[in-house]
Amino acid sequence: MIDTKSHRAARETLLAMGNLFFSGKQTLPMIRLRLNGLIVGPTGAGKSFLAESVARQLRAKYFRVTRGDWIPTGCKDKRSTVFQILDQVLSYDRVVLHLDELDKFTQLQDREWSASIGADLWNILDKKFQIAEYLHETTFKEGEKITEQYVARRIRLGLWILGSGTWQEVFANSRGRPSIGFGCGRAEASDVGFAEIVRSQGISPELLLRFSEPVFLLYPTPEETSQLLESTGITALASQVGATISPEQLDWNLGGMRVLENLATRLVIELYKSKQPTGPAGPSSNDADANVEQSPY
């Protein structure tokens with residue numbers, strides 16, 4: 001699993017934000033803290049894994065929703081995503097709502113379906129839920145009294161929102177610097193300032209206003225890639241089939257962690273094939289099972 005310097009820094013920041021939120025310390029005397037977290041990073045960099053691991057460390061229920069999963073409010077055939085979120089809020093004291101692939105939510109807003117999803121999204125980020133409608137359409141246990149005030153309080157204190165997305169344009173060359181994560185060049189996440197993101201409008205201002213400053217995930221450096229090849233057993237596996245794998249051979253831009261998974265899969269297949277007896281009959285099922293058990297994967 002990818003665990004880079006940027007992952008560790010992002011995890012530390014998000015855990016601090018989540019702990020502040022769930023502790024109820026969300027305000028100063030005159031200012032309300034902006035504690036919704038936003039993760040920005042390339043495809044396959046581990047955004048969902050990071051969000052889920054943070055939720056686990058916060059001892060919270062993890063609930064992930066993507067644009068493709070979304071069921072708009074008013075849908076007659078299925079329970080809306082908004083109501084599903086409220087179900088989670090009333091079932092668990094702490095809920096981390098992960099709104100993944102946010103870069104896709106603002107696309108195709110001219111279509112009625114997408115516009116409905118967009119309206120739901122803004123309401124959720126502002127924590128403006130249709131509580132009365134929810135209570136009217138939800139069946140509770142006999143004798144259980146759930147009021148609008150109770151639901152509103154559970155939302156305010158128990159629903160922490162994490163967003164994530166790719167937003168490649170955020171990482172476009174700035175002031176002649178190399179791209180971060182998406183191109184051949186590499187820079188530190190700190191080189192992309194919040195003000196530059198606002199100016200580029202790579203992430204819509206409406207969305208940015210609803211989150212704290214983004215945390216960034218980057219693909220592993222060559223040194224981190226070398227450590228990953230060792231720690232995952234890929235280097236040892238390659239040696240068993242007479243191959244040598246170097247960090248320079250991996251192009252993270254082709255899919256992030258999937259690149260490592262595809263490489264491991266190819267090596268396991270080669271190792272499996274090398275241990276099979278030759279001949280038209282092929283291996284028996286028992287032999288195949290034995291070889292799979294011997295594989296490091």
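A salt bridge here is a side-chain nitrogen of Lys or Arg within 4 Å of a carboxyl oxygen of Asp or Glu. The model is predicted. Side chains of opposite charge can pair when their charged atoms come close.

**Exercise 1.** State how many salt bridges a search of the whole structure finds.

Solution. The search covers the whole structure and returns 6 salt bridges. Three of them are worked through below, one per exercise.

**Exercise 2.** Test the pair Arg79 and Asp87, then classify the exposure of each residue.

Solution. Step 1: the closest N and O atoms of Arg79 and Asp87 are 2.8 Å apart. Step 2: the cut-off is 4 Å, so the pair forms a salt bridge. Step 3: partly exposed lies between 20% and 50% relative accessible area. Arg79 has 30%, so Arg79 is partly exposed. Asp87 has 24%, so Asp87 is partly exposed too.

**Exercise 3.** Locate the two partners of the salt bridge between Asp126 and Arg210 in the chain.

Solution. Step 1: their closest N and O atoms are 3.0 Å apart. Step 2: Asp126 sits in the loop between α5 (112-125) and α6 (131-137). Step 3: Arg210 sits in the loop between α9 (205-208) and β5 (215-216). Step 4: the two are 84 residues apart, so the pair links distant parts of the chain. Step 5: Asp126 is partly exposed, at 33% relative accessibility.

**Exercise 4.** Explain how Glu270 and Lys273 are placed along their helix.

Solution. Step 1: Glu270 forms a salt bridge with Lys273, with closest N and O atoms 3.3 Å apart. Step 2: both lie in helix α12 (residues 257-274). Step 3: they are 3 residues apart, so about one helical turn separates them. Step 4: Glu270 is partly exposed, at 39% relative accessibility.

Key. Residues are numbered from 1 along each chain as its sequence is written. This is a predicted model: local features need pLDDT of at least 70, side-chain atom pairs count only at pLDDT 80 or more; totals for chains, interfaces and linings use all residues. Side-chain values use heavy atoms; hydrogens and water are left out. Buried means under 20% relative accessible area, exposed over 50%, partly exposed in between (1.4 Å probe, protein chains only). Helices (H or I, at least four residues) and strands (E, at least two) are DSSP runs, numbered from the N terminus.
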